[in-house]
Every structure is written in C-alpha cells, then in structure tokens.
Amino acid sequence: MARPRMPGRGIVFYVLVFVCLAQIQCRFHVLAMLDPLDFLALQSIRKSLEDMPGSNFFASWDFTADPCHFDGVYCDTDRVVALNLGDPRAGSPGLTGRLDPAIGKLSALSEFTVVPGRIYGSLPQSFSNLKNIRFLGVSRNFISGEIPEHLGRLRTLRTLDLSYNQLTGRIPSSIGASPELSNLILCHNHLSGSVPSFASHTLTRLDLKHNSLTGTLAPNSLPPSLQYLSLSWNNLSGPVDRLLNRMNQLNYLDLSLNRFTGIIPPRIFSLPLTNLQLERNQFTGAVQPGNQVTIPTVDLSHNEFSGQISPMFSTVENLYLNNNRFSGRVPSNFVDRLLAARIQILYLQHNYLTDIEITPTAKIPVSSSLCLQYNCMVPPIQTPCPLRSGKQITRPTAQCNQWRG
C-alpha cells in the first residue's frame, strides 16, 4: 500500500491502515509517522550494525512499522529524542559494526547510548550536529581514534562517557570549556597529554583513570563542585595540596599510581569521603588530621610520608600506611580498636616504627588483619602478612640507626 508524502521539510509521513471489521465493514485510520530525515537515519544506522550472537535487539526494527515503537527508539511526536542501541540487560552480547554518520542527522536527539559490545572505528564527526544532546555514552566497546574536538562545543552536553575503549590522543581543551558538563568518564583508554582545565561549575564526576596522562595539575584547574575524582594509573606529577584545599564536596578521591609530590593538606581527611586512595606516589611530610578520621578506607601506602602515626587514624576501618617512613610508637588506641574488631585492616609494615603496646598472647579477631614486619622492632605478635611484604621480620639495625641519626 502506498505511503502518501506531504510536501515540505520536516512534514510527517502518513500511512493509511486498512482495518476490516467483523461485519465486512471497513474503514481507514490515519497514523502520524516519523520525520523522513529521522526515518532514513535509522535505516542507515541499522545497516551499519548487527546483533552479536545471542542478541536479538534488532528483531523489532521492521521498517514497515512505526520506528517509534522499535526497541531503544524514543520519540516526541515525529522526532527521535533518545536512541539506546543494544539490549541493556546485564550480560547481553551487544552489537558489532560501526557507528554510522547518519546518527548526526537525528538533530532532536538528547540521549544516545550504546551497550557494551564490539563496535569499532572512530566516533563520527557528524556528532557535532547533535545540538540538543545531553547524554552521550559509548562505553566498553572498541572505539578508536581521537576524541573529536567538536564534542566540547555541544553546549547542552551534561554527560560524556567514552570509557573502556581504545581512544588515543589528547583530551580536547574544548571538553574542559564545555559549560554544562556534569560527568566526564574517559577511563580505561590510551589517552595522553595533560588534563585540561575545566570551566564547568557543575562538574561533579571526573574519571580519567587508566590512561597515559602526563603533566601537572594547576591549583585552579578543577572546579570545587567535584564529588568524584579518579586520576589513578597515569603519569601525572607535581604537588596537589593547593588543588585539594579547594575541594569541599568530594566523596571519592583516587590519585593512586602517579608521581604526585609534596604534602597532603590535613583538611582532606575531614571531607565526607567513602574512599581515599593516595598510594604509590611520592608524597612527603607528616600526616596530621585535625579530627578523628571517619573515612572507611584510607590508603597512603608506598609514599614517603614521615613522622609519627596520628591517633586520629584509629577510627579508619581499612588503613594502609605501609611502605612509608613513619617512625615512633604506634598509638595505643589502634590496639584497642583492633582487638575490638573495629579495625579490619591495619598495615604498618615497611616503616621505621619502634614499638606497639600489644601482648604476645593477644587474640586478633578473625575479621581483622595486622601486619608489622620490617620495622625497627621485633613484632611482639606474629600475624600473617601479604606475600609481597617479603620474608624479613625486622628492618636491619643499620637502617634504623641511620634513620634515627
């Protein structure tokens, strides 16, 4: 049956549906259909992608029917406003193929996502036409090439998630200049260069871990609005104390496995963090929180922190202070909370500690772990330590004397 076409740009298709009643009486219904440009764009998108074995996402994409009823297609009157490609259920095999440039013709699109799969190739340059896009997520696929500069010029973009792909090159400075950006998730790629400065005052999540980023972070490069900051597994360097002093809304901070230097401001320990990961850097100086630390997990291991261990850390459930230069006596309140099973992990190995008030017959709760080896004392109690701690029980006397000197 023919589909009459109305003249003029943006005019909807109409299809006449012939309905025969039980009494052989018939009538016509007129149903509004999709904008022709959106219709053709969906056809192109379908031709460039396939279901992976075990996926039936495209089974509903029958172009003799209304595309607004396709799985993953959401319309507002005659325009596609959201396109979610792939079965969103956990464990779905996903899709394979390339992202067709026709996606850029869906000019009313506010949300575009792709489920994890085997989509390869670069991001289409035509994404620059998505002037209404707010959420753009193409994660856990095989997208390669560089992040297009024009993505930062999408003024309505709130969330950009390109994580777990094979992207290379720099993070465009235009991304940092995007005024409405709230969530930027680019982790687990092969990005290089420096971290751009961010102009958005609404940026709450910045996840750049597992890349090859280098350079330093200027004190004003990240906004105080951040609640989640992960920069781990990069090659970033330089001090961050002035930057961290500006942060007052963080609830997650991971700077681990970089080459950051300098001191850690005490106020960072008073933030409402659920996790503080600063391990494997080159931080130095004493660590003296102003109040009892209520962060559940604090990892300061494998740095160059020195001085005595603050009793303010005794309220931390999982505390990693190993492989530093802490010296002196372990505060007694650590032992009290450890024996009461309020501390689950207390790793103090590979420091210069000289004493801990715990009896050799003390019973460490099954749910707790204590490691004291390779310090300037013979551990008064033998406890299992991680294998990577080595086999030496105490630090050589010469090293301890040199440290005291």
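Glu 357 is partly exposed, with a relative accessible area of 46%. Keep in mind as you look at it that this is a predicted model. What does the side chain of Glu 357 meet in a salt bridge? The partner is Arg 329, and the N to O distance is 2.9 Å. Now check where the two sit along the chain: Glu 357 is in the loop between strand S28 (352-356) and strand S29 (369-371), while Arg 329 belongs to strand S26 (residues 325-330). They are 28 residues apart, so this pair links distant parts of the chain. Arg 329 is partly exposed too, at 45% relative accessible area. And there's a third member to find: Asp 355 joins Arg 329 and Glu 357 in a network of salt bridges.

**More charged pairs**

Here's the basic idea: side chains of opposite charge can pair when their charged atoms come close. Searching the whole structure turns up seven salt bridges. Three of them, including the one you just met, are in this table.

| Salt bridge | N to O distance |
|---|---|
| Glu 357 and Arg 329 | 2.9 Å |
| Arg 89 and Asp 87 | 2.7 Å |
| Glu 50 and Arg 46 | 3.8 Å |

Is Asp 87 buried or exposed? With a relative accessible area of 18%, Asp 87 is buried, because the cut-off for that word is under 20%. Its partner in the salt bridge is Arg 89. Arg 89 has 63% relative accessibility and counts as exposed, because that label goes to values over 50%. Glu 50, which pairs with Arg 46, has 42% relative accessibility and therefore counts as partly exposed.

**A tucked-away asparagine**

Next, scroll to Asn 234, in the loop between strand S17 (228-230) and strand S18 (235-239). At 5% relative accessibility, Asn 234 counts as buried. Which backbone nitrogen does the side chain of Asn 234 reach at 2.9 Å? That one belongs to Leu 213. The same side chain of Asn 234 also reaches the backbone nitrogen of Ser 212, at 3.3 Å. If you leave out residues up to four places away in sequence, Asn 234 still touches a whole list of others, including Leu 208, Lys 209, His 210 and Asn 211. Leu 257 and Asn 258 are among the residues it touches as well.

**Zooming out**

How many helices and strands does the protein chain have? There are five helices and 29 strands. The radius of gyration is 29 Å, well over the 22 Å that the globule rule gives for 405 residues, so the chain is more spread out than a compact globule. You can picture the C-alpha atoms filling a box of roughly 100 × 45 × 35 Å along the principal axes.

Buried residues make up 50% of the 405 residues. On the outside, the chain exposes about 18900 Å², and carbon and sulfur atoms supply 52% of that. As for contacts between residues at least 6 apart in sequence, 40% join residues at least 24 apart.

One stretch also comes with a label from a record. An unreviewed UniProt entry annotates residues 38-76 as "domain: Leucine-rich repeat-containing N-terminal plant-type". In the model, that span is 28% helix and 18% strand, and its end C-alpha atoms lie 12 Å apart.

Note on methods:
Residues are numbered from 1 along each chain as its sequence is written. This is a predicted model: local features need pLDDT of at least 70, side-chain atom pairs count only at pLDDT 80 or more; totals for chains, interfaces and linings use all residues. Side-chain values use heavy atoms; hydrogens and water are left out. A salt bridge is a side-chain nitrogen of Lys or Arg within 4 Å of a carboxyl oxygen of Asp or Glu. Buried means under 20% relative accessible area, exposed over 50%, partly exposed in between (1.4 Å probe, protein chains only). Helices (H or I, at least four residues) and strands (E, at least two) are DSSP runs, numbered from the N terminus. A polar contact is a pair of N or O atoms within 3.5 Å; within protein, one must be able to donate a hydrogen and the other to accept it, and residues adjacent in sequence count only if both atoms are side-chain atoms. Contact means heavy atoms within 4.5 Å. UniProt positions are given in the numbering used here, feature names are shortened, and annotations may be inferred rather than shown by experiment. The radius of gyration is taken over C-alpha atoms; the globule rule is 2.2 Å times the number of residues to the power 0.38. Accessible areas come from the Shrake-Rupley method with a 1.4 Å probe; for residues, only the protein chains shown count as cover.
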